[in-house]
Structures are given as structure tokens and as C-alpha cells.
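Below is a short report on selected features of one model. It takes up a sheet, a nonpolar core and one histidine in turn.

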Amino acid sequence: MRSIVRAAFAAALVASLTGVVTVTSETSALAAASPSARLLGNPGFESGLASWTADSPNATVVSSPVHSGSNALRIVDTSGTAGVSVRSAPLAVVPGERITASIWIQQAAAGAGGSLFLEFHRPDGSRTAPVFSKAAPASTAWQQLTVTGDAPDDAVDATVLAYSTFADNGTTYWDDAAASALPPPLRKVPNADFEEQRDPAFPTEWATDKTGVALVRDAAAHGGDTAVRITDTSASDPVSVLSKAVPVNVGETVTASAWANPLSGTGATLYLEFVDKNGTELSATTATPGAAGTGWQQVSVSGTAPANTTTLRVRLYSLLAAIGTTTWDDVALRSSADSSYATALGAGQVVLFAGDQRIESYTGVTHKTFAGTKAAPDGIVIHQGTATANPRCGCTVLAGASGEPRYKMWFTGSPDASGHGAGYATSEDGLTWTFVKLITTLNSAQGVVENPAWTSGSSVPRYFTLDVQRNPNQYVSMQSTDGLTWTAVSGAAAIPGIDVANVTYDPIAKVFVAMVKRHLTIPLGPRTTWVSTSTDFKNWSTARPAFAADGLDDDLITDPGKHGMTPWSEIYGMPATRYGDQYLGTPWVFDIAYSPNRDAGDNGPDKGRSHIELATSRDLVNWSRPSRDNLITPGPAGAWDHGFELGGTTFTTVQQANGDWQTRFYYGSFSGEHVCAQTDVNNGDCTTPSGNSNIGMVSWPTDRFASFHGGGTVTTRPITPAGTTLTVNYAPGTTGDNLKVEVLDVNGNPIPGYASTNVTPIAADAKAPGVQVSWGGTTTLPSGAIRLRFTQTGGDLYAFTIS
């Protein structure tokens, strides 16, 4: 019986690592996304103030008047200097998600006030700007207030606030709150919120006229820390700020929006421009904000890409004859190519509690990332000098075929006289590696994939990789029959980029995935990650923005800046690996303490350390990162992995001698900082010289990268599983802890027979392959769309699978 369980888990594990995903084609437009309902708790106040938090005893529940049902909320505001608010329980959100909240309000007397607020929060609970609000017009009739806002990059949840502001005075009644969401968009404008600060004076990754353009911060911004201000003092010269090109399809309808605060004058205009492959503008549509002094307002403009369009641009503009000043912030794109939330969940696909794409809400628990356990004694599996002087990642570990070494590793080594230097090693246990050779037909090896068309004895190439080249900076498709001798893929188009190209393969979507590092401005802009996909490793989609550092990354830096410079973060690289229902991203977060040539835009000599975190995505473009904890714990000062960590492209799962399953991740690191020489240390530019790298390995019990930790409740968004058997990966914290799983309908109501009174509690350690959930004598789930509600008294909830 035990061997059958292991075999079943092995099959499920393969399915979980190759789960279904929808990857949007660059050559076909999809239907426009439709909003999905979000589950506000007790939206009609029928259960009193349950799921809502009032900050005053003047907020009570009454039976009359009501908009519907039996109850409504009453707020009595008798102060002209203090407001009264009632806040909903938080909804989990993904950055870029568009939330629409509504509520019905009745004023006891016309003009008694009342406003609906939508607020977003960071992982520590602090409120992150922007706050969206709508005030009720004077009326004694029931009226619906609606407010819409996009979740900022550092947001993890949103709350709805029924509020009688400090200036209000009177009685208001509230009822029937609701919320819906549009998933994050597939089209992104680089540095759309102006938070990336490679150039401290002008908006990075935007082209500007310089004169009349400046960054403004803090209270002058709409959201985050920074906005861009256009000051036009001439009636004969325009001033504009132009975004970088965003890939778009012919016939695709796009809406561009931006927040504008017109401070003086007229002429502020938002442009949406469609462009052909030569950079020639084909069409443009415009919209203007209201009059000066009317405050922040969202300006939107829509257009359809005409024939020959390849990209679009957003332009923030002050008209030729105009004079005045306007602050702009938080640019966004919505498109007919955007996808709706997909409820489908493939059989055997593991859903990790590392990101919130599948999460409706959670209370009482916190997100927690678990750093991997380093291989004994110090984590190193390939030492510098034993294989090559400087072995480093990104690296790839693949399984060998029958008669071959059990594991094969490709990594970057010290170059030979010609500048080439990819290393190759083999191992039988994944811990002790035998260096085979330095590959002189590659510059580096940052991601090797096996050709799915290859079979033993076939003539097609067995392996592919992207090779980094200089002059020009680009990534070139390479192929090999044995993994040792490499040649260029004939006719393959190069992908523009610098230094880092991590490539993986998704066997269910049947696409190769390239996550490449891009610098988009001259002078060079911040390091960001863009994504390109291919079905044949020859024809690649136009790269799109996928991942960048945000303001929270900057705030979390603990190393002090050098020479008075405030440190900031960039993304040095990030592989994306298919793992069950999601992709796992392992961003290399580069915390820059000093940039000696920052004003000149030269980021090559930047000084600082990097660490590796964990993110998840279902579309390769939008990523959830609710925990910013380290995936790998940096060693102490002086240790080999203290300074600059770079991660691999593969997760390798093995069964231990005791029967437990373990997942491994390989990474490289330098003990010192990025491009830090002893002379730089002497000058006070950095602390530890770079030195050479080692390659190490960390591991976790399978699927236990992250969890919902502590006691509380987690509710999923709707899912439509292909399987019927639910298993969970859960570990109690102390004796007496347990987990219960209820099955709900899409409206959040317990399905008869699957309620908390029916479920058998799980109190033992449920390691992978997990423990099956049962409800009395029932062991299979009902058909159709459902939600799951997990209630734990303590411990860690890591994942679930439906097979």
C-alpha cells in the first residue's frame, strides 16, 4: 500500500510541476476581461457588525430604514472635528488588480454627508497610497456610491470604508456593500508610477524634454513616493513625457489612464499613440483633465490599434500654445487582450500559499516564507577553484536519461581566453558533483532546457539555451545534441537585453519562457525583468515588462547608503519556473548602496548586495509577493553567501531514504558586493571585495516554501477543479493544533454535508503528498465551482491539491 501511495504521489507531483496555464499569444487578441465578484463579509449587516470594524459607538446596526434585508448600518456623526468609520474585513489583492467597491447610502437629512473609501494596505498593515473615495450627493433617497482603484505594487489587501468624515455632521444609513475585481492587465507601461529612481531628477524609462519636467515627492504624489510634474512656461514650445513602447496587437482596443492634478493653466493632455515597427505614429487619441485647482482626477483615453501597429506609447503632454503646471502619476493600461480570472484548476496541480492569486481573504493568519535549509556543512556543492575559478548561477539542474548520470548541471564559469565559459558537471545524488568540462562554445549558461521533441536516438537537438552576447547586447538562441557542444539556432531572432537571460520550459502551455534583464534608457535605466515566450526556440514574442522593484523594496533595505546616497533596489534577474497552478519566480533583489556614476546613467559599477525572494504568477506578467522574506538566508559578514546571491532556474524534487519528499534549489553567491574592488573599499564605496563565487544548494520539505501561519481562516476565490480528492499540506505548531476545511458555494455559503460540523479535523503533520480531507464518510468534492475555507487553530498551511 505504501508503494502505491508513493507512486500516486509521484504522478501527482509530475502533474503539479507541469500544471495548466493560459499564456496569452502575442498574435491573437482575447476577449476583454470581465469582473469577478469579490466576497465581502456580511455585506448587508444582517449579522450585525460581524466582519466590520467600527471606530466609534456611534456606528450601530438598525432594522429601519434598510435598502434590503432586515438590517442596515447607521452612523451618527455629532462632531465637526472627528469622523466615524466602519471598515470591512480585508480582501486579498494582487498588484495591478482593479477593485470596484459599492454601497447604498441614505442621508437622514439632505447634505448629512457620508463617503465611500477604498484603501490598500502593505504587508505590515500600513496603508499604501492611493486612497480612492466617493462622497454622497445631498439626498434623502437611497443612492449607490461606487469607487474604483488599482492595487499598488506593494499592496496585499484592500478594505472598504463607510465613512462620515471629520467635516460631516449628521446621520447616514448604509447597506448592501459589494466588491468586484478585474485581474491585473497584461499590458504594462515601464515605471508607470515613477517610483524607479535610476535618474533622481527625471522619470526613468520615460523620454522627456528635460526643461519643464521634474519629479515631485511625498505629498505631491498621488500614490507611492513620486510623481512627475510638467511646468510649461512657453506658448510656443510644448513639454511632454513619453513612455517606452509597449507591445500591442493590431485590432486590440486599449484604454490608457493616468492620474492628473492640474495646478495652473490649461492644455494638460493624455495621449495614447499607436506606432509601427519603424517608430512612426499611426494614430493618436487624447483626453484632458478638468480645470486647474480641481485636485487629483483620473483621465482615460481609448483607442484601437490600426493596421501595421506593433507597439503603443503613452504621452503626458502640455499643448503647444498652453501655459501651466500639471502633476501626473500612476499610469495604467487596460486592453481587450486582458484575461478574466480563470476558475479552472487542473487535476493534481498544487496550489501553493506563496501568492494570493487564488485567495479571497484571510484573517488571523500571516504570510510567512521559509528560507531553505543549506546543504551540510556550509551549503556549498561546487567550490570555487575545484571546477573553475568562478562557478556561479543562474544554473540549471536536469535529470539524465537511462544510462546517464542522474543529474546534470550547467552553470557559468570563468571565461577562457576567448571570453567563453559555461561549466558542466554531473552528480548521482545532487550533493557531490563531478566537474566535466568548461564549455567554450557558450559565453554563459543561465538556463538550459530539454527539447520536448527529443527522444533517445532522434536527430533533433536535445537542449536549448539563450547565450548572452555583447556589442550588441542581446540573447541568442543556441542548441546542442549533447549539452557540451553548442551552435546557434539557424534563423532565430535575437532578444535585446543585458547580462541575464533565465530560460525555462512549461510543458503544459508548451512554451519556452525567457525572463531577461533589460535596461531601457540611454543613459541606462534600472534593472528590470521582461518576459518573452516561444514554441520553437526560434521565434520569440516581443518582450514585455514583467517584474520590477517597488517602493517597499527600497523601504526594507537595511544596509546604509554610501557617501550620503539613499539606497534603492533593482531586480538583477528572475527565473520563472512552472510549479503546479503557478509559476515560481525567484527575484534577485539588488540593494544598491552606492552608484559612483549614477548621474551619468552608468549602472555597471553599482555597489551593493543582493538577496533572493519568492513570487508567484499565473500569467508571467503579474506577480504576487505578499511576503518579502528571504528565500535563502544570507550568511554572516565574511561568509561565501553574504554578499551577492544569484538563483538557479530549476526546482528538483527527490524522495529521501526515510520516504519524505524534498525539493532542492541551487544558487550561486559572492561573499562580497557587486563590482567591489579593494580600491573601492579603501575609498569607502563598499565594504567587502567581490571575490569569486561558489554554488550552493538549499532544500525544503516538498511544497513548503511559504505558508499561512498561526490561527485563523483562509478563504479561496472560486475554483472549478478537474479532480475530486482534496489533500492538504499542513503542519500543526503545537499539540492540539488542527485544520478544518469547509467547502462553500461561490457565494460563500457552506454546502450541505461539507460544513465545519462535517469535516474531520487534521491534527497530524501532513507532509507531501499531503493528507486527504474527508467530511464524515464523504471523501470527494461536489462538482462545479466551489470555494474552500481553511480554519486552523495554529501551525502552518502550505498548499492544497485536488486530484
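Strand 44 and strand 45 (residues 582-585) pair in the antiparallel sense over four bridges; strands are DSSP runs of E, at least two residues, numbered from the N terminus, and two strands pair if DSSP finds at least two bridges between them. Arg578 stands opposite Tyr583 in strand 45. The model is predicted: local features need pLDDT of at least 70, side-chain atom pairs count only at pLDDT 80 or more, and totals for chains, interfaces and linings use all residues. Residues are numbered from 1 along each chain as its sequence is written, and side-chain values use heavy atoms, without hydrogens and water.

Both strands belong to an open, antiparallel sheet of three strands in the order 44-45-48. Its edge strands, each pairing on one side only, are listed here.

| Edge strand | Residues |
|---|---|
| strand 44 | 576-579 |
| strand 48 | 615-617 |

The largest nonpolar core (buried Ala, Val, Leu, Ile, Met, Phe, Trp, Tyr and Cys residues joined through side-chain atoms within 4.5 Å) has 33 residues, of which Leu352 and Phe705 touch the most other members. Strand 46 gives this core its largest share, four residues. Beyond four places in sequence, the contacts of Phe705 (heavy atoms within 4.5 Å) include Leu352, Tyr579, Leu584 and Trp700.

His367 is found in strand 27 (residues 366-369). His367 counts as buried because its relative accessibility is 15%, where buried means under 20% relative accessible area (1.4 Å probe, protein chains only). Among the residues that His367 touches beyond four places in sequence are Phe353, Tyr362 and Phe708.

Methods:
Buried means under 20% relative accessible area, exposed over 50%, partly exposed in between (1.4 Å probe, protein chains only).
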